[in-house]
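The following exercises are to be worked through with the sequence and the coordinates side by side. Each one sets a task and then gives a solution in steps.

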Amino acid sequence: MNPVEKFPSFFARSRSGIRDSAAMIVFTAIALFVAGLVTSEGAVNGARLDVVGSVIRLASPAVGVWAILVLAIGLLGGVGVAGRAAFAIVAAVVSSVAVSVATSGPNDALGDGAGAISLSALGVRTVGFASVVAIGSFGAAMFLRNRSDERPRAVAAIVITFLLAVGASGASALILNWLNIYFRLFGTTPEPSASDADTYLRTAGLVVVVPVVCLVVAIVFNARSLVVLSAVFLVGWSLAAVILAVPQDRFTPGPETPAPVNSNYQPCYSGSNNCEGG
């Protein structure tokens with residue numbers, strides 16, 4: 001085949017790859033929007049959902065850089081839709097770190113004086129963004145893979161993407177709640193309040209229940225890839241709920257309570273006549 005004859009197949013692969021990338025961007029944008037609604041300050045306080053704020057967050061530089069990288073990934077040949085989803089997660093980590101360093105400077109982003117705090121904040125943002133990208137990208141991959149022959153499985157991919165986006169927002173809240181209470185460089189760690197414990201119970205319940213529901217949906221629709229995805233998030237988020245418990249000893253067995261002392265007990269010494277039974 002001469003070089004001229006290669007162009008049609010190249011453009012066909014490019015169109016297919018761009019289509020896959022566009023679907024991943026759309027699914028991820030929806031997942032980010034849903035996660036933003038759930039974690040907005042108004043939603044947390046029970047007042048109202050911040051729709052405008054969630055839309056504005058979609059226009060952040062990290063999301064823009066990630067979308068450009070994902071479109072570039074779409075031009076790669078010989079990569080399946082699942083492989084493109086994996087590349088999209090790597091692109092999320094790269095874009096999140098790169099934008100943080102570029103906008104804040106390496107000293108502020110990676111830390112100098114308050115390095116541990118800056119680095120932990122960067123890590124939370126990066127992991128949160130990569131988690132939502134994983135949900136959106138693999139949800140789109142499952143939708144694209146099943147849309148032509150198994151419409152119910154494609155619908156299951158959409159439903160599970162929405163649900164896992166809500167679960168990802170709960171996981172982020174779980175991490176932030178623990179850091180706000182226990183992450184201290186200096187001084188003593190304060191005791192968590194009853195409100196902190198209630199927040200933990202709500203978020204922990206969310207991150208455990210959501211993947212269980214997703215797992216049931218995936219099993220009902222016989223979507224094996226979605227079963228694996230839901231199971232991975234169930235195990236990961238359940239471990240996070242145990243590790244990030246508030247209070248920290250919630251799942252630690254307490255010390256055994258000693259038996260009550262009998263106030264009428266009289267000691268018995270050898271050779272005395274005060275022992276019961278002689």
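**Exercise 1.** At what angle do helix H9 and helix H10 pack, and how far apart are their axes? Classify the arrangement and describe the residues that make the contact.

*Solution.* The model is a predicted one, and the description starts from two quantities, since two packed helices are described by the angle between their axes and the distance between the axes. Helix H9 spans residues 194-220 and helix H10 spans residues 224-243; they pack at an angle of about 165°, with their axes 8 Å apart. Angles over 145 degrees count as roughly antiparallel, and H9 and H10 are therefore roughly antiparallel to each other. The crossing in which H9 passes H10 is left-handed. On the H9 side the contact is made by residues including Tyr200, Val207, Pro211 and Leu215, and on the H10 side by residues including Leu226, Phe233, Leu234 and Trp237. Sorted by character, the residues of this contact comprise 18 nonpolar, two polar and no charged.

**Exercise 2.** Examine the loop between H9 and H10, and then the segment after H10, for unusual backbone geometry.

*Solution.* The expectation comes first: most residues other than glycine have a negative phi, and most peptide bonds are trans. In the loop between H9 and H10 lies Asn222, which has a positive phi of about 55° although it is not a glycine. Because its relative accessibility is 48%, Asn222 counts as partly exposed. In the segment after H10 lies Pro247, and the peptide bond leading to Pro247 from Val246 is cis, with omega near -5°.

**Exercise 3.** Which residues of the largest nonpolar core touch the most other members, and which helix gives the most to this core?

*Solution.* The core has 54 residues, of which Trp66, Leu164 and Leu226 touch the most other members. At least two core residues come from each of H1, H4, H5, H7, H8, H9 and H10, and H8 gives the most, with twelve residues. For Trp66, once its neighbours within four places in sequence are left aside, the contacts include Met24, Ile25, Ala88, Ala92, Phe129 and Val133.

**Exercise 4.** How many helices and strands are there in the protein chain, and what percentage of its residues count as buried?

*Solution.* There are ten helices and zero strands. Of the 278 residues in the protein chain, 35% count as buried. Finally, among contacts between residues at least 6 apart in sequence, 72% join residues at least 24 apart.

Terms used
Residues numbered from 1 in each chain as written. Predicted model: local features only at pLDDT ≥ 70, side-chain atom pairs only at ≥ 80, totals over all residues. Heavy atoms only, no water. Axes fitted to C-alpha atoms, helices over the stretch in contact; angles between N-to-C directions. Helix = DSSP H or I, 4+ residues; strand = E, 2+ residues; numbered from the N terminus. Parallel < 35°, antiparallel > 145°, perpendicular 65-115°, else oblique. Left-handed = near helix turned anticlockwise from the far one by under 90°. Contact = heavy atoms within 4.5 Å. Nonpolar A, V, L, I, M, F, W, Y, C, P; charged D, E, K, R; others polar. Core = buried A, V, L, I, M, F, W, Y, C linked by side-chain atoms within 4.5 Å. Buried < 20%, exposed > 50% of the residue type's maximum accessible area, 1.4 Å probe, protein only.
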